[in-house]
Amino acid sequence: MDPLPPLTKGAHATHCRRCLMGLPGSQVDIDPSKLALAFYCLGSLDLTGQFSIESTKTSDVELWRQWVWAQQTQGPRGTGFRPGNYMTADRGELPNLYSEGSDNPPHVIVTYTALLSLAILRDEFAQLDRPGIIKFLQACQNEDGSFSSEPYGGDADLRTTYCAFAISSMLDDWSGVRVENALNFIETCRTYEGGYGQAPFAEASGGPTYCALASIFLASKSDRLTDGERKQTIRWLVQNQVPSGGYRGRTNKDADACYCFWCGASLSILGAGQLTCELSLSKFIASCQFKFGGISKAPNEHPDPYHTYLSLAAVALCPPPNAGVGHNWKLQSLDPLLNANEATSRWARKHIPI
């Protein structure tokens, strides 16, 4: 059997630090999601043990904190975090107010990543407008139970539902969510295969399936799944691990490193994580490593912070046998429901609630 190549954690950390300072040319298409990008970079450093408050320059930590807090924006429909200063005219300091028609309103997914980024930075959350975030979530929820990405509209699918649930869980306050309506929406996204699509009648995919299952379990509503439904979902997920060792997102598609997390974490949430072949999964992720750092979606592709973080999260959740030998593949433990280092998850749950 071929030996497992090393996980080049130091090189991946360098890739993420470089992206925190400024995006390379191959990454400019994700510039509109700066705050989410910051979470992928900080999260990768957090999982690899390459970041700690004690070992990182105080000035860097404070600069990152200040930048994240600068994205908290308030308006008549509550408070959330915007993606960054993308598409904002150069008018000196960024305004911290928004209204209908604003070019950079708060975003549900970005608000979720902002809270976790601040938890990684071990912020005390003294500046967090908690009542405003509750109002923001209320404004984003639609009549069908789904959540729009922004308070005046935007995408509405299982990604935004999951982020609304995760935010509520971190706040330990569910008053901003009509939980039953949201769970009904999730059920309408279930497909005949046992997976979930982004929206009703959409094809089942690994990412939405994770979002659906994590939302159900965050709300402590696992009884919404019958035993038959749980087994059907497990079977579909297991079938998505292909001979290369990676997971594909949809039936009859190629493996993609990010689905190693979406599908692997879904199995873990359902109590069936042992059905992942960890060694094969690690070999696939090893083949996606870029020689100068970072992990790509597939072998011989360009690396990016998104696939780097989710690949590392998959390994943290499904480590190969003897991962600690030589410490090559040993990563920090992961909370599969919040998708964060367990220590960071504990910090968030302790400091974010009122």
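Helices and strands are taken here as DSSP runs, numbered from the N terminus. By this assignment, strand E1 covers residues 72–75, and Thr-73 is located in it. The structure described is a predicted model.

Thr-73 is buried, because its relative accessibility is 0% and the limit for a buried residue is under 20%. Leu-97 follows 24 residues further along the chain, yet the C-alpha atoms of Thr-73 and Leu-97 are separated by 5.3 Å. Leu-97 also appears among the contacts of Thr-73 once neighbours within four places in sequence are left aside. The other residues in contact with Thr-73 on this basis are Gly-78, Thr-79, Gly-80, Arg-82, Asn-96, Tyr-98 and Pro-106.

The chain as a whole contains 13 helices and six strands. Its radius of gyration is 19 Å, and the globule rule gives 20 Å for 354 residues, so the chain is as compact as a globular protein of that length. The C-alpha trace spans about 60 × 50 × 35 Å along its principal axes. Of the 354 residues, 55% are buried. When contacts between residues at least 6 apart in sequence are considered, 67% of them join residues at least 24 apart.

The largest nonpolar core has 102 residues, and within this core Phe-81 and Phe-261 touch the most other members. Helix H10, residues 257–269, supplies the largest share of this core, with 10 residues. The contacts of Phe-261, apart from those with neighbours within four places in sequence, include Tyr-210 and Ser-266. Phe-261 is further in contact with Leu-310, Ala-313, Ala-314 and Leu-317, and with Leu-334, Pro-336 and Asn-339.

Ser-282 is placed in helix H11, which runs over residues 278–287. With a relative accessible area of 0%, Ser-282 is buried. Residues up to four places away in sequence not being counted, Ser-282 touches Leu-4, Cys-318, Pro-320 and Trp-329.

Helix H6 (residues 158–171) packs with helix H7 (residues 179–188). The angle between the two is about 150 degrees, and their axes are 11 Å apart. The crossing in which H6 passes H7 is left-handed. On the H6 side, the residues that meet H7 are Leu-158, Thr-161 and Phe-165. On the H7 side, the residues are Val-179, Ala-182, Leu-183, Phe-185 and Ile-186. The contact of H6 with H7 comprises seven nonpolar residues, one polar residue and no charged residues.

Two of the H7 residues that meet H6, Ala-182 and Phe-185, are also in contact with Gly-145. Gly-145 is in the loop between H5 and strand E3 (148–150). A further contact of Gly-145 is Asn-181, with neighbours within four places in sequence left aside. Gly-145 counts as buried because its relative accessibility is 0%. Gly-145 and Ser-102 lie 43 residues apart in sequence, and the distance between their C-alpha atoms is 25 Å.

Positive phi values occur at two phenylalanines. Phe-125 is not a glycine but has a positive phi of about 60 degrees. This residue, Phe-125, is found in the loop between helix H4 (108–120) and helix H5 (130–140). Phe-125 counts as buried, since its relative accessibility is 0%. Phe-201, likewise not a glycine, has a positive phi of about 75 degrees. Phe-201 is found in the loop between H7 and helix H8 (206–218). Unlike Phe-125, which is buried, Phe-201 is exposed, with a relative accessible area of 87%.

The loop between H7 and H8 also holds Tyr-196. Tyr-196 is buried, having a relative accessible area of 2%, whereas Phe-201 is exposed. Tyr-196 and Gln-127 are 69 residues apart along the chain, and their C-alpha atoms are separated by 36 Å.

Terms used
Residues numbered from 1 in each chain as written. Predicted model: local features only at pLDDT ≥ 70, side-chain atom pairs only at ≥ 80, totals over all residues. Heavy atoms only, no water. Core = buried A, V, L, I, M, F, W, Y, C linked by side-chain atoms within 4.5 Å. Buried < 20%, exposed > 50% of the residue type's maximum accessible area, 1.4 Å probe, protein only. Helix = DSSP H or I, 4+ residues; strand = E, 2+ residues; numbered from the N terminus. Contact = heavy atoms within 4.5 Å. Axes fitted to C-alpha atoms, helices over the stretch in contact; angles between N-to-C directions. Left-handed = near helix turned anticlockwise from the far one by under 90°. Nonpolar A, V, L, I, M, F, W, Y, C, P; charged D, E, K, R; others polar. Rg over C-alpha atoms; globule rule 2.2 N^0.38 Å.
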